[in-house]
Amino acid sequence: MRVLVTGGAGYVGSVSVERLVEAGHEVVVLDDLSTGHREAVPSVASLEVGSYGDADLVGRLLERARVDAILHCAARSLVGESVRDPARYYRDNVAGGIVLLDAARQADVERLVFSSTAAVYGEPATSPIPETAPLAPINPYGETKRDLEGALRFYGQAYGLRSVSLRYFNVAGATDRNGELHEPETHLIPNVLRAAETGQPITLYGDDYPTPDGTCIRDYIHVADLADAHLLALMATAAPDDEPAAVFNLGIGGGFSVREVVATAESVVGRPIPTTIGPRRVGDPAVLVAAPGQAQSRLGWSAARPSLEEMIGSAWDWRRRNLDPATGRRLG
Ligand SMILES: NC(=O)c1ccc[n+]([C@@H]2O[C@H](COP(=O)([O-])OP(=O)(O)OC[C@H]3O[C@@H](n4cnc5c(N)ncnc54)[C@H](O)[C@@H]3O)[C@@H](O)[C@H]2O)c1
């Protein structure tokens with residue numbers, strides 16, 4: 001299969017490109033390099049630098065590349081930024097997303113897998129969270145992801161687009177080649193590892209939640225497991241389905257607390273990691289855990305790497321090989 005991967009120079013996208021190439025597929029990456037890294041794209045994949053919201057560029061690219069399917073990983077994905085600048089999120093995630101869907105229609109590309117998020121659930125009342133839980137995002141990031149999921153549903157009914165939206169929980173870990181590097185970094189594991197490198201304490205937001213150790217619990221999924229799920233989801237879009245727009249949660253179905261993450265990171269790096277306790281953040285639920293049963297029964301996917309040691313261990317190995325510990329930037 002020939003696949004267009006938007007955001008293929010980013011964290012999740014680059015690992016998915018690796019997986020697709022390994023499985024013998026041809027890959028075209030479309031990335032504007034706004035948060036991604038050119039070095040993350042392997043030379044066997046072709047890289048087009050530009051935005052999926054640029055109708056002319058995407059139209060020409062799809063005309064030329066003749067892809068069978070699209071894996072749409074690119075997005076704006078910072079919760080805080082989305083609250084400060086919602087226009088950017090509606091413009092890029094929603095309006096840009098529609099440009100991509102319309103270009104796909106124009107080029108007769110009928111299969112798409114979309115990187116959605118647990119943020120579509122907001123502060124859910126149930127745990128673990130099934131796909132049928134009410135969608136009640138509490139920030140523009142989650143809302144704009146929900147909007148594109150909605151568009152996929154109606155494009156499926158009206159135009160025959162077959163899509164799978166995958167609602168990721170917290171992605172973690174690395175492969176030998178690719179890992180997580182964002183600027184700014186808002187995710188816990190890379191920030192804990194950065195604290196181990198610099199000795200600067202990491203702030204834990206709240207230690208008085210109704211959880212066993214008082215810190216928030218999140219469902220972490222290894223980025224390589226996510227890449228496996230992308231491949232299965234892309235395969236699933238090949239067959240006509242009664243439900244043209246499927247939606248699945250991706251998580252391990254269990255969670256780790258912030259303190260467990262720090263303790264595991266300490267054992268991985270072999271030294272104490274300094275922490276300070278800050279106030280709770282607005283909109284941070286105590287527990288966010290996926291019910292991943294649908295992905296298992298309908299896609300045949302389950303997490304093959306559910307251990308926190310493996311997620312943090314692989315992230316640490318990748319950092320040591322690729323980042324300058326003094327600056328946190330890529331070496332070379
Ligand atoms: N990382 C997580 O824990 C997590 C959790 C839930 C959902 N997601 C979703 O997964 C996807 C990937 O996340 P990530 O952590 O890899 O982010 P990332 O920032 O590392 O990757 C996004 C990539 O998209 C590119 N990009 C952004 N806007 C673009 C545009 N308009 N045109 C072309 N390229 C553009 C960036 O340059 C970057 O390479 C996002 O859609 C995000 O919302 C991620």
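**Exercises: the ligand shell and Ser 314**

Of the 29 residues around the ligand (those with a heavy atom within 4 Å of it), Asp 31, Thr 35, Tyr 141, Lys 145 and His 182 come nearest. Keep in mind that this is a predicted model, where local features need pLDDT of at least 70, side-chain atom pairs count only at pLDDT 80 or more, and totals for chains, interfaces and linings use all residues. Residues are numbered from 1 along each chain as its sequence is written, and side-chain values use heavy atoms, with hydrogens and water left out.

**Exercise 1.** Work out which ligand atoms pair with Tyr 11, Cys 73 and Arg 76.

*Solution.* We're after polar contacts, here pairs of N or O atoms within 3.5 Å.
- Start with Tyr 11: its backbone N or O atom sits 3.0 Å from a ligand oxygen.
- Next, a polar backbone atom of Cys 73 is 2.8 Å from an oxygen atom of the ligand.
- Then take Arg 76, which puts a polar side-chain atom 3.5 Å from a ligand nitrogen.
- Now the cover: on its own the ligand exposes 830 Å², and the protein buries 96% of that (Shrake-Rupley method, 1.4 Å probe).

**Exercise 2.** Is Ser 314 buried or exposed, and what does Ser 314 touch?

*Solution.*
- Find Ser 314 in helix α10, residues 308-322 (a DSSP run of H or I, at least four residues).
- Ser 314 counts as buried because its relative accessibility is 15%, and the cut-off for buried is under 20% (1.4 Å probe, protein chains only).
- Skip neighbours within four places in sequence, and Ser 314 contacts Gly 173, Ala 174 and His 222 (heavy atoms within 4.5 Å).

Conventions:
Helices (H or I, at least four residues) and strands (E, at least two) are DSSP runs, numbered from the N terminus. Buried means under 20% relative accessible area, exposed over 50%, partly exposed in between (1.4 Å probe, protein chains only). A polar contact is a pair of N or O atoms within 3.5 Å; within protein, one must be able to donate a hydrogen and the other to accept it, and residues adjacent in sequence count only if both atoms are side-chain atoms.
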